[in-house]
There are 2 protein chains.
Amino acid sequence: MQNFIFHNPVKIYFGQGQATNITEEARRAGGAILMVYGGGSIKRNGAYNDVMKALQEAGNEVIELAGVTPNPRLDITLQGVKLVKEHDVKLILAVGGGSVIDCAKFIALGAGIGEDEDLWDDYIETGKQAPEDLVPLGVVLTTAATGSEMGDAAVLTHWERKRKLGYTSHPLTPRFSVLDPTYLTTLSREQTIYGFADMFCHTCEQYFSLPSDDNLSDEMAEAIMRHILRSWRACLAQPTDYTARSNAMWDSTLALNRIISRGKDEDWATHGIEHAISAKYDIPHGAGLAVVHPHWMKYVVEASPEATARFARWATNVWGVDATGKSDLVRAKEGIERYSDFLARVGAPRTLEEAGVHPDDAMFDAMADHVGDDARGSYKKIDRAAAREILVDCQTPVSFE
Amino acid sequence: MQNFIFHNPVKIYFGQGQATNITEEARRAGGAILMVYGGGSIKRNGAYNDVMKALQEAGNEVIELAGVTPNPRLDITLQGVKLVKEHDVKLILAVGGGSVIDCAKFIALGAGIGEDEDLWDDYIETGKQAPEDLVPLGVVLTTAATGSEMGDAAVLTHWERKRKLGYTSHPLTPRFSVLDPTYLTTLSREQTIYGFADMFCHTCEQYFSLPSDDNLSDEMAEAIMRHILRSWRACLAQPTDYTARSNAMWDSTLALNRIISRGKDEDWATHGIEHAISAKYDIPHGAGLAVVHPHWMKYVVEASPEATARFARWATNVWGVDATGKSDLVRAKEGIERYSDFLARVGAPRTLEEAGVHPDDAMFDAMADHVGDDARGSYKKIDRAAAREILVDCQTPVSFE
């Protein structure tokens, strides 16, 4: 196991009715609150009313910033930064899914950097670490997907430049997150599927990382993946079932609070490729991952005996592939095919076309450029050329025939 | 899943050489440091030197309190409280295993309560919650067992009254913990075994808790248990192997940082019974657990079809018991027997006698009184009478013959 630091101080309030705790958190903040949200779904799922009631009880000034989109963008983030400064905001409250949370994280960062610094050029493009004393962030989660509610990472899009970049720094970690599964019961089938595709991919990206020693992180990652698959089926079968939705919500949080990447180098190559797609086409992140992920697997599975063995273990322990009398490679390929078949069965896209994306050669080049040659990847480095090859392969479903 | 709060802000520094981070932590504390340790093993395993070097670099005043025993006691805790007050201590640094950490937690608590309050009578006996602003606690861990390094619980013995009590309150949570697996390589075979018995039991006590819904906590608990069994064998086979010891150290921390009890009522009945034994006989906690735990299982396994089903699941998923054509009860009993056999094979005690304890009727009564009628237990409440029955049964190894 490699040396690591683990420090995840987010206070999680989990369960029905937990938004009432916002009153105490708002009092602790002791000043104006910037409430960040998206397109109005929080007014249908009950979150908006619950939060407003708790805030009225506390009595803080509340400024609202609505309209954060999926694949959140720099422009609305900068509006938020301006509001934080104008109103001397003491708590940023993100009410929504991963996009809203990520936007709120960047608002906190943008308000905390020097007057002469540029949020995009000096931090997001360079990865320069955030200052320690950002305006604290609270979350009321209304999707089960990104894990941003219990993590230090966020993703932002610079739409004019067609760039979508991840950024990780400990001060972006929320102070608290309210996880009330009842807010998930109004999610559409598509949102549900994309959320599961995202959390499953998160778990895999940490699992398919070096070293391949017998680390507890891997055993726990397999547990989370099996559980995600059960929750996935349960939520599609019974979208309003509280138990199914509560399992989904906790699955997504555990999939990316870094507990399963301890002692390992994290890969994230699939996310790098997906960001290239949604930077250009603005498709849902989970849809892009569903397309790319099995194709990345196909590209990597034979990179080394160690890689093949890891995919074989995954095939058996996550997908239940019978190991009897089979080589690692046969098992590994069977696992990848089961994954692809499962995505088709639940209605997730498996090709660029199914995701509504039809790139020409120039666009394949542009997406490959977005991935670049600063290659990520454990078992196999994914540089510009590799990314292009994978993206071209994404025009048909994964097959080993 | 039941509603829950999860808030575990401990900063973990994991891996070889991580004690160097103590310099920065000491500077942050900015004042006198009380260093608490046991009988001198830290001078053999390298921890003492590493810590002293880091502290000299920082330059804080350091006061040493040595001599904390296994099953730590109130008297030395009160000595520590006096030192904290005399020297205006700004950081308590526990260098050792669970006993040293727990003693340090109670020193922090004792120094933080009102002058007119009594640590034992007003807090430990009553469970009254600790004040928020205790002197912060740092840990340098030298065993893999209790999980106290990443938790809010601690256990103390009032030897004159022959009482051993657990106490849980969030302000007892350490600020940081250094987990360097190299310190484990000098542990004796007995210490290694008792540590594993402890962490395995911790995982079980949370797993055998209600509700039995399909909670991710249970799937992760099974992962941890399987991994503990692998690490157990590996550490006994190769006591100086870094990978084996690093797995053991992280296993023990994950077994009791509350991540696997979320959404569940925690049972802890076996711990209640074991505390009664070591309160009277001062045996190692892990030895007592190895004796009691399978006997508790035998007592509970037929409490309800739900309980039996849970034990059957455990037997298959943790011990690999083949489920084909077997009733839940048959599988469950087979699992418990495998557990007992495993303990015998690694050399853990399975009976009171093997643990060096020979109670007469009066002592069985006294131990049952210690458990009392404020019954704990999920599938089956363990009151005074139940505890006595289990303890009497602990005179012979578990058997279903």
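This report walks through two annotated domains, the interface of two chains and a few local details of a predicted model.

Local features here need pLDDT of at least 70 and side-chain atom pairs count only at pLDDT 80 or more, while totals for chains, interfaces and linings use all residues; side-chain values use heavy atoms, with hydrogens and water left out. Residues are numbered from 1 along each chain as its sequence is written, and chains are lettered from A and ligands numbered from 1 in the order in which they are written.

**Two annotated stretches of chain A**

Let's start with the record. UniProt has two domain features to look at, both from an unreviewed entry, and they are set out below with the make-up of each stretch. Their positions are in the numbering used here, the feature names are shortened, and annotations may be inferred rather than shown by experiment. Helices (DSSP runs of H or I, at least four residues) and strands (runs of E, at least two) are numbered from the N terminus.

| UniProt domain | Residues of chain A | Helix | Strand | End C-alpha atoms apart |
|---|---|---|---|---|
| Alcohol dehydrogenase iron-type/glycerol dehydrogenase GldA | 9–181 | 34% | 24% | 21 Å |
| Fe-containing alcohol dehydrogenase-like C-terminal | 192–376 | 68% | 0% | 29 Å |

**Where chain B meets chain A**

Now for the interface. Counting heavy atoms within 4.5 Å as contact, 36 residues of chain B touch 36 residues of chain A. The two chains bury about 3,500 Å² between them, with 58% of it on carbon and sulfur atoms; that is accessible area (1.4 Å probe) lost on being put together, summed over both. On the chain B side, Met1(B), Leu216(B) and Trp250(B) lose the most area to chain A, together 19% of what that side buries.

There's polar chemistry here too. The interface has 20 residue pairs in polar contact, both at pLDDT 80 or more. A polar contact is a pair of N or O atoms within 3.5 Å, where within protein one must be able to donate a hydrogen and the other to accept it, and residues adjacent in sequence count only if both atoms are side-chain atoms.

Which pieces of chain B do the touching? β1 (4–6), β2 (11–14), α8 (216–237) and α9 (242–255) of chain B each give two or more residues to that side. α8(B) gives the most, with 8 residues. By class, the chain B side has 18 nonpolar, 11 polar and 7 charged residues; Ala, Val, Leu, Ile, Met, Phe, Trp, Tyr, Cys and Pro count as nonpolar, Asp, Glu, Lys and Arg as charged, and the others, Gly among them, as polar.

The strands join across the chains as well. β1 of chain A (residues 4–6) and β2(B) pair in the antiparallel sense over 3 bridges, where pairing takes at least two DSSP bridges. Phe4(A) has Phe14(B) as its bridge partner.

**Salt bridges**

A salt bridge is a side-chain nitrogen of Lys or Arg within 4 Å of a carboxyl oxygen of Asp or Glu. The whole structure has 54 over all chains, and 6 are found across the interface of chain B and chain A. Asp214(B) and Arg230(A) form a salt bridge at 2.6 Å, N to O. Within chain A, Asp361(A) and Arg388(A) meet at 3.9 Å, N to O. That pair links distant parts of the chain, 27 residues apart: Asp361(A) sits in α14 (residues 361–371) and Arg388(A) in α15 (residues 384–393).

**Backbone oddities**

Leu210(A) and Pro211(A) are joined by a cis peptide bond, omega about -5°. Pro211(A) lies in the loop between α7 (189–207) and α8 (216–237) of chain A. Chain B has a cis bond joining Leu210(B) and Pro211(B), with omega about -5°. Elsewhere, Lys162(A) has phi near 55°, a positive value in a residue other than glycine, and Lys162(A) is in the loop between β7 (153–158) and β8 (163–168) of chain A.
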